[in-house]
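This report introduces a protein structure to a reader who has not met it before. The sequence and the three-dimensional view come first, and the text then goes through selected features one at a time.

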Amino acid sequence: MKGLILKNAYYDAPVYAHQCTRIKEELEKLGIAADVRANDFFPASLDGDVHAKTGYDFCVFLDKDKYVGEMLERAGMRLFNSAAAVAACDDKMLTAIRLSGIGVPMPRTLPGLLCYTPSAEIKPRAAAKVAELGFPVVVKTAHGSMGKGVFRADDEEQLLALMEKVKCSPHLFQEYIAESAGRDLRVIVVGGRVLGGMERVSDGDFRSNIGAGGSGRPYPVGADVAAMCVKIADALGLDFCGIDLLFGRRGMLLCEVNSNAFFKEFESVTGVNVAAAYARHIADTMAKEAAPD
C-alpha cells in the first residue's frame, strides 16, 4: 500500500512542512510507503473523464483545493479528509450551516451580503442589522486560517469600514464572546476519538491563533465537550480535525473547524503523538474498507 501526502505548491511555511513530514514518518513506521508531493504535479486531469496519477492507494489531502479533491475522489482514490469535508470546513459560514440543528452551541451569526460591484455603497439598514449583534462585533472572511481575515469592530464607524473592506469576499458577522477574548480551546479529533485539548492564549490580541502570536498550554477536555467535538467531526465526515471552541458564560461555543489543523504546537504542549494516531487511523480505515463483506 502506498499513500500520497498532497500539499499546496504555493505555501511553504515550516509548520506546514512539519505536518507533511510527521505524517509520512508515522505512516512509514506502520510499513506504509508515502510520498510528499506538491499539487503542481497535477495529480488529476480531465478530458471528458477524470484520471488520477497511478501508484497511490490513498491521499492525505493537506490542501483546500476543492477541484483537485473532487477529481481524485471521482477517479476512485480514498481521501483523508474527503473533498466534501474539506470544502465544508474551508468555508466558515458553510461550517456553521452544516452544524446547525444538531445541538452545537455557537455565537449568533449573520451571513455577509456579498457585493459584486466594488463601487457599490454599504446599505445603512444592513449595518444597522449587524449592529444588533452588539458591539464589539466580529467580522470574518469565510475563508482564511491562522487568524487572517478575522476582525473586530468596536463601534459603528469601524463596522462600516470593515463591511467596506470585505464586501466583495464571502464573509460573516458574529457575536463577540468577551469571556473568550484572547483565548480559546483547540481540540484534536482523529477517527472519532478526542486526543486532547490545548488552550491557546494571546497577549493583547482578541484572536488566540498560534500563527498570530498566541501560545499553547495543555487543557483537560471534559466528557461533555469531548462528546460535542466527536459529534461535530462526525457531522462533517472528518477523519481528522482541529476544533476551536470559545469560552462562553454558559459553556463552550463553537468557533470554527479546521480540516487540516496544524499540530506541531499541540504535540509539543500536550505530549500527544497526533501524527501517529492519524497514521494508525488511515491504516485501519484502509484495511477495513479493503476487507470483503
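## A buried residue in a loop

A residue is called buried when its relative accessible area is under 20%, exposed when that value is over 50%, and partly exposed in between. The model described here is predicted, and every value below is computed from it. Phe263 meets the criterion for burial, because its relative accessible area is 0%.

Where along the chain does Phe263 lie? The residue is placed in the loop that runs between β15 (251-258) and α8 (264-270). Leaving aside residues up to four places away in sequence, Phe263 touches Gln19, Arg22, Ile23, Phe240, Val274 and Ala275. The C-alpha atom of Phe263 is also separated by 9.9 Å from that of Cys241, a residue 22 positions away along the chain.

## Salt bridges within helices

Side chains of opposite charge can pair when their charged atoms come close. In this model the count of salt bridges is 22, and two of the pairs described here lie within helices.

One of them joins Glu25 to Arg22, with 3.1 Å between the closest N and O atoms. The two residues are 3 apart in helix α1 (residues 14-29), which means that about one helical turn separates them. Glu25 is partly exposed, at 38% relative accessibility, whereas Arg22 is buried, with a relative accessible area of 13%. Both residues also belong to a network of salt bridges that links Arg22, Glu25, Glu26, Lys29 and Glu267, and Arg22 is among the residues that Phe263 touches.

The other pair is found in helix α2 (residues 66-74), where Glu70 and Arg74 are 4 residues apart and thus about one helical turn from each other. Their side chains form a salt bridge with an N to O distance of 3.8 Å. Glu70 counts as partly exposed at 40% relative accessibility, while Arg74, at 67%, counts as exposed.

An α-helix has 3.6 residues a turn, so residues three or four places apart point the same way.

## A salt bridge between distant parts of the chain

Arg108 and Glu175 form a further salt bridge, in which the closest N and O atoms are 3.7 Å apart. Because Arg108 lies in the loop between α4 (92-98) and β7 (109-111) and Glu175 in strand β10 (residues 171-175), the pair ties together parts that are 67 residues apart in sequence. Each of the two residues is partly exposed: Arg108 has a relative accessibility of 43%, and Glu175 has one of 23%.

## Cysteines without disulfides

How many disulfides does a search of the whole structure find? The search returns 0. A disulfide would require two cysteine sulfur atoms within 2.5 Å. For Cys59, the closest cysteine sulfur is that of Cys20, and because it is 11 Å away, it is too far for a bond. Cys59 is itself buried, with a relative accessible area of 0%. The sulfur of Cys255 has its closest cysteine sulfur in Cys229, at 12 Å, which is likewise too far for a bond.

## Backbone geometry in loops

Two peptide bonds in the model are described here as cis. One runs from Phe80 to Asn81, with omega near -5°, and Asn81 is found in the loop between β6 (78-80) and α3 (83-90). The other joins Phe135 and Pro136, where omega is about -5°, and Pro136 lies in the loop between α5 (124-131) and β8 (137-141).

Phe42 has a phi near 50°, which is a positive value in a residue other than glycine. This residue lies in the loop between β2 (33-38) and β3 (44-46), and it is exposed, with a relative accessible area of 60%.

## Helix α9

What span should the 17 residues of helix α9 (residues 274-290) have at 1.5 Å a residue? The expected span is 24 Å, and the end C-alpha atoms are 24 Å apart, which agrees. At the start of α9, a side-chain oxygen of Asn273 comes to within 3.5 Å of the backbone nitrogen of Ala275.

The buried residues of α9 include Val274, Ala275, Ala277, Tyr278 and Ala279, and also His281, Ile282, Ala283, Thr285 and Met286. Val274 and Ala275 lead back to the opening section, since both are in contact with Phe263.

Technical notes: Residues are numbered from 1 along each chain as its sequence is written. This is a predicted model: local features need pLDDT of at least 70, side-chain atom pairs count only at pLDDT 80 or more; totals for chains, interfaces and linings use all residues. Side-chain values use heavy atoms; hydrogens and water are left out. A salt bridge is a side-chain nitrogen of Lys or Arg within 4 Å of a carboxyl oxygen of Asp or Glu. Buried means under 20% relative accessible area, exposed over 50%, partly exposed in between (1.4 Å probe, protein chains only). Contact means heavy atoms within 4.5 Å. The expected span of a helix is 1.5 Å times one less than its number of residues. A polar contact is a pair of N or O atoms within 3.5 Å; within protein, one must be able to donate a hydrogen and the other to accept it, and residues adjacent in sequence count only if both atoms are side-chain atoms.
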